[in-house]
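Got the viewer open? Load the model, show it as a cartoon, and follow along stop by stop.

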Amino acid sequence: MMPRMWPCEWIETTESTQTEALRRLGQSAGSPFALWTTRQTCGLGSHGRRWHDSPDGGLAVSIAFP
């Protein structure tokens with residue numbers, strides 16, 4: 001049996017996939033989901049570290065578990 005798939009949403013441009021995932025987690029206690037983009041303007045890494053703007057051809061992904 002195939003496992004149930006989580007929603008995986010593409011965002012054209014975002015400040016940070018992690019910031020957006022945290023915002024959405026605060027709004028609901030739903031199921032796991034993923035967000036991805038090829039353009040972030042102010043990426044946020046682990047432990048609050050800042051990332052440079054996404055270069056062309058880059059990929060940023062955040063997976064959220066409520």
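## Stop 1: the helix and its charges

Start by selecting Glu 20 and Arg 24, which both sit in helix α1, 4 residues apart, about one turn of the helix. Their side chains meet in a salt bridge at 2.7 Å, N to O (a salt bridge being a side-chain nitrogen of Lys or Arg within 4 Å of a carboxyl oxygen of Asp or Glu). A word on what you're looking at: this is a predicted model, where local features need pLDDT of at least 70, side-chain atom pairs count only at pLDDT 80 or more, and totals for chains, interfaces and linings use all residues. Residues are numbered from 1 along each chain as its sequence is written, and side-chain values use heavy atoms, with hydrogens and water left out.

Now add Arg 23. Arg 23 forms a salt bridge with Glu 20, with the closest N and O atoms 2.4 Å apart. Because Arg 23 and Glu 20 are 3 residues apart in helix α1, about one helical turn separates them.

Next, add Glu 9, which forms a salt bridge with Arg 24, the closest N and O atoms being 2.6 Å apart. That pair links distant parts of the chain: Glu 9 is in strand β1 and Arg 24 in helix α1, 15 residues apart.

How many salt bridges are there by this rule? The count comes to 3.

Color these residues by accessibility (buried means under 20% relative accessible area, exposed over 50%, partly exposed in between, with a 1.4 Å probe and protein chains only). Glu 20 counts as buried at 15%. Salt bridges that share partners join Glu 9, Glu 20, Arg 23 and Arg 24 into one network. In that network, Arg 24 is partly exposed at 21%, Glu 9 is partly exposed at 35%, and Arg 23 is partly exposed at 41%.

## Stop 2: zoom out to the fold

Show the whole chain again. The protein chain has 1 helix and 3 strands (helices are DSSP runs of H or I, at least four residues, and strands are runs of E, at least two, numbered from the N terminus). From the N terminus on, the order is β-α-β-β. Of the 66 residues, 30% count as buried.

Switch on contacts, meaning heavy atoms within 4.5 Å. Among contacts between residues at least 6 apart in sequence, 64% join residues at least 24 apart.

## Stop 3: the core

Select Ile 11, Ala 21, Phe 33, Leu 35 and Ala 64: these 5 residues make up the largest nonpolar core (a set of buried Ala, Val, Leu, Ile, Met, Phe, Trp, Tyr and Cys residues joined through side-chain atoms within 4.5 Å). In soluble globular proteins, nonpolar side chains tend to be buried together.

Center on Ile 11. Not counting residues up to four places away in sequence, Ile 11 touches Glu 20, Arg 24, Leu 35, Trp 36 and Thr 37. Two of those names, Glu 20 and Arg 24, are familiar from the salt-bridge network.

## Stop 4: a loop contact

Go to Thr 13, in the loop between β1 and α1 (17-27). Thr 13 counts as partly exposed, at 47% relative accessibility. Which residues is Thr 13 in contact with, leaving aside its neighbours within four places in sequence? They are Thr 37, Arg 39 and Thr 41. Try a C-alpha distance too: Thr 13 and Gln 40, 27 residues apart along the chain, are separated by 5.8 Å.

## Stop 5: aromatic pairs

The structure holds 2 aromatic pairs (rings of Phe, Tyr and Trp, its six-membered ring, pair if their centres lie within 6.5 Å; planes under 30 degrees apart count as stacked, over 60 as edge-to-face and the rest as tilted). Select Trp 6 and Phe 65: this pair is edge-to-face, 5.0 Å centre to centre with 90 degrees between the planes. The pair links distant parts of the chain, with Trp 6 in the segment before β1 (8-10) and Phe 65 in the segment after β3, 59 residues apart. Trp 6 counts as partly exposed at 41%, while Phe 65 counts as exposed at 52%.

Now pick Trp 10 and Trp 36. Their ring centres are 6.2 Å apart and their planes at 45 degrees, so the pair is tilted. Trp 10 belongs to strand β1 and Trp 36 to strand β2, 26 residues apart.

## Last stop: a nonpolar patch

Keep Trp 6 and Phe 65 selected, and add Leu 59, Val 61 and Ile 63: together the five form a nonpolar patch on the surface, with about 550 Å² of accessible area. Patch members have over 30% relative accessible area and no salt bridge; like charges are joined within 9 Å, nonpolar side chains (Val, Leu, Ile, Met, Phe, Trp, Tyr) within 5 Å. Areas come from the Shrake-Rupley method with a 1.4 Å probe, and for residues only the protein chains shown count as cover. Leu 59 is found in the loop between β2 (33-37) and β3 (60-64), and counts as exposed at 61%.
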